[in-house]
Structures are given as C-alpha cells and as structure tokens.
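Trainee: Please take one part of this protein and walk me through it closely. I would like the surface charge first, then the wider chain.

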Amino acid sequence: MLTQYLQTNRHLLQLIKLRYGFILLQLLAILLSQHWFDIELPYHSLKAVVAVELTVNMLLYFCYRGNRNAHPAEYLLQVLLDILFLTLLLYFAGGATNPFVSLLLLPVAIAAVTLSRRLLLLVSLAALTAYTALLLSINPHQLHNMDMQQHFIGMWVNFVLSALVVVLVVASLARAMQRQERFFSQQREEQLRQEQLVALGTTAAQFAHHMATPLSTATLLTEELQEDLADHPPVLQQLQQQLQHCSRHLQDFRAIAEEVKLNRKRDIPVTLLFKQLQDEVQLNFADIQPQYQLAEQNNLAVRADTTLLPALLNLIQNAAQASRRNHQQSIQLRSQVNGQQLTLQIRDYGRGLPPQNLLALGASLVESEQGLGMGVLLSHATLERLGAQLKLYNHKEGGAVAEVSIGLVAVQ
C-alpha cells in the first residue's frame with residue numbers, strides 16, 4: 001500500500017508540473033486576445049483567475065515535491081480544481097459559446113486513467129454540471145438574436161456523449177492495462193521466488209549428497225570405538241544417538257524428495273498430524289515448554305504429502321528461537337476447525353516481528369538480525385503448493401503468530 005501511495009504522489013507531482021504549462025498557455029491566449037485580436041473581454045477577471053490558479057499550483061508543488069503519501073481523494077481534488085479554474089475562465093470568456101469549452105473533457109480523461117470508477121463518475125458529473133452552468137449562463141436574448149440555441153444545445157449533447165465515451169471506453173481500457181500490469185508484476189515476483197527456491201533446493205540436495213559419506217564413516221567409527229572399548233563411556237552412546245538422528249533425517253529428506261518428484265499425496269489424519277508434531281517438538285526442542293490447545297478430530301484428514309510436517313516444524317522452530325531470544329521457554333499451538341478448514345496457530349513469546357518485514361516474510365528472503373527468513377520462505381512455498389495459506393502477524397499481548405489454514409477431507 002505504501003508503494004501505491006508514493007506512486008500516486010509522483011503522478012500528482014507530474015500533473016502539477018503539467019499544469020504550469022497549461023497556465024502558461026492560458027496566459028498566452030489571454031494576451032493574444034487582448035493585444036492581437038482586440039477582443040473585448042473582462043481581462044482583469046481573467047488574469048485574476050490565472051493568478052489564483054498559479055498561486056494554488058505553486059503551493060501544491062511545495063506540498064508534494066517530496067515523497068509524501070497521497071490518498072486517491074487528493075488526486076480527485078486536483079482534477080476538480082482543474083474543472084473549477086477552467087469553468088471560471090470560460091465563464092468570463094463567453095461561457096458555452098467559447099470554442100475551448102470542450103477542454104472540460106480533459107479532466108474527465110485524466111480521471112478515467114487514474115481514479116476508481118466511483119470517483120470517475122463524480123468527476124464526470126462535475127464536468128457536466130460545469131458545462132450545463134456555462135450553457136445556462138448565456139443571455140437568452142442573445143441566443144434568440146443569433147438563432148444559436150439549437151447549436152449550443154447540440155454542443156452540450158455532444159459533450160455528454162463524449163464524456164460517456166471517455167467513461168466507458170477509456171476507463172475500461174485503463175483498468176485492463178492496470179490489471180495486466182499487476183498480473184505481469186505478480187508473475188515476475190513469482191518467477192523470482194521460484195528461482196530462489198530452486199537454488200535453495202539444489203543447494204540442499206548437494207549438501208545432503210555430500211553429507212552422506214562422512215555421516216556413514218562417522219557411524220562406522222563410533223561402532224568400532226564401542227567394540228574396542230568394553231566399558232565405553234556414555235558420550236559414545238550420545239554420539240551414536242545423534243548420528244542415528246542425522247541418518248534418519250537424511251533418509252527422510254530422500255523420501256520427501258522422491259514424493260515431491262512424483263507429486264504423491266495422501267490423506268493424513270489430523271490426529272496423527274498433531275501427534276507427530278508433539279513428538280517432534282519433544283524430541284527437537286526439549287528445553288521448550290509447549291502449550292497445546294489442539295482439538296481432537298478423529299474423522300478428518302488433510303490432503304498433503306510428507307513435506308507438510310517439515311514445513312510446520314520450520315515455523316515451530318522459528319517460534320522457539322524467538323521465545324529463547326526474549327528469555328522465554330514457551331510456545332503455544334492452537335487449532336480450530338471451521339467447516340472444512342483447519343487453522344493451526346503457532347505463537348511465540350518473543351519481541352514480535354518488525355512491521356516492515358510482515359508483508360515480505362515468506363514471499364522473499366528478508367535480511368534481519370536473526371537471519372534471512374529462509375525457513376519461513378520454504379514453509380510458505382510448501383504450504384502454497386499444498387493449497388494451504390500462511391499468515392504472519394503480531395499478537396496483541398506480545399510475540400508473533402504464524403497461522404496456517406489448510407483444507408480438510410472426511411475419512412472413514
């Protein structure tokens with residue numbers, strides 16, 4: 001949203017700069033009419049309107065010359081100011097009889113490209129009202145004397161039809177171009193994210209391949225030490241347990257890679273998923289005191305593959321690390337079922353997430369004091385592939401919450 005406001009601010013500044021040229025043309029037309037064509041007009045009033053317009057434009061320029069956030073209503077104000085000053089100039093220069101009255105379509109065209117449909121209709125109504133007021137301001141006797149009443153009414157009808165064309169055609173084309181631009185922007189962001197994920201996946205596969213041989217060698221050496229030492233110390237047992245733990249993770253990684261390659265999914269009962277989460281938390285985060293509020297769902301399952309559990313564990317690991325950094329030893333896991341939707345909330349008791357990182361986390365790598373957000377990025381990509389959604393937000397009582405929503409299926 002901030003980027004959109006800054007872009008609107010740049011567009012406003014561009015419009016203000018263009019208005020300087022338009023004011024110069026207005027002043028030039030007034031001077032030519034006064035000194036070259038010798039047309040009788042209230043030049044003092046015309047010059048006063050141009051002076052006020054120039055003063056207002058200078059104030060607006062100084063107001064928007066920096067990166068100031070701008071609301072669409074401020075853009076509406078700019079367009080309405082153009083209609084107001086142009087209407088005043090036309091009023092003192094012949095009203096609807098002035099051939100430049102069709103310039104009232106210019107603000108409508110600008111609004112068609114930049115404003116929403118609701119605000120565009122408001123601008124069109126303002127321009128039509130201004131034209132109608134200029135038409136009604138003509139002296140009726142003057143109309144009858146010149147027999148020009150039908151001509152000016154025809155010009156008014158032509159203006160209405162032209163405004164309708166701008167509103168319907170130009171606005172539709174502008175909206176289509178904006179949607180296409182947003183689509184291409186999203187495609188570029190998605191391509192960049194996929195390239196990052198492919199690079200991470202390739203690196204992880206290479207790392208796992210290189211780790212297999214040293215891990216096997218370390219396991220063999222540990223077994224030989226246990227055979228050589230009849231009364232082997234407890235440290236060897238702990239070392240063997242850790243090596244077995246690493247070997248199991250490596251085998252799980254190979255199984256997950258094969259399952260993802262074949263796009264093989266299965267129904268995972270919710271009860272089994274929660275039990276696996278609790279077992280993994282107890283095994284990997286022994287110093288953390290988890291608070292479980294997991295609803296029992298014996299007849300429901302999630303349609304996913306084996307990558308779901310590691311994705312959730314990444315989020316739990318981030319929560320545990322955030323709590324530790326804040327000298328806390330607790331995390332909270334809550335679940336609720338709404339219809340065919342399972343929502344799992346993982347809350348930490350840390351310092352919370354910086355506001356500037358909330359939108360970027362999970363969509364790209366974000367550098368911070370704790371790392372690059374790689375775990376959240378991988379979890380987000382995995383959950384998105386499984387049809388789930390991930391939301392990150394700060395809890396009102398402190399800490400951050402990772403909320404995962406995934407569809408449910410009934411099991412027999």
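Mentor: Here is the charged patch, followed by a buried residue and the chain as a whole.

The model is predicted: local features need pLDDT of at least 70, side-chain atom pairs count only at pLDDT 80 or more, and totals for chains, interfaces and linings use all residues. Residues are numbered from 1 along each chain as its sequence is written, and side-chain values use heavy atoms, leaving out hydrogens and water.

Start at the surface. Glu223, Glu224, Glu227 and Asp228 gather there in a patch of negative charge. Such a patch takes residues with over 30% relative accessible area and no salt bridge (a side-chain nitrogen of Lys or Arg within 4 Å of a carboxyl oxygen of Asp or Glu). Like charges are joined within 9 Å, each placed at NZ of Lys, CZ of Arg, CG of Asp or CD of Glu. Asp and Glu count as negative, Lys and Arg as positive; His and the chain ends are not counted.

Glutamate 224 belongs to helix 7, residues 149–228. Helices are DSSP runs of H or I, at least four residues; strands are runs of E, at least two; both are numbered from the N terminus. Glutamate 224 has a relative accessible area of 44%, so it is partly exposed. Buried means under 20%, exposed over 50%, partly exposed in between (1.4 Å probe, protein chains only).

Now look at leucine 377, in helix 12 (residues 374–385). Leucine 377 counts as buried because its relative accessibility is 0%. Alanine 311 is 66 residues from leucine 377 in sequence, and their C-alpha atoms are 9.7 Å apart.

Finally, the chain. It has twelve helices and eight strands. Of its 412 residues, 35% count as buried.

Technical notes: Patch = residues over 30% accessible without salt bridge, like charges linked within 9 Å, V, L, I, M, F, W, Y side chains within 5 Å. Areas by Shrake-Rupley, 256 points an atom, 1.4 Å probe, with all protein chains shown as cover.
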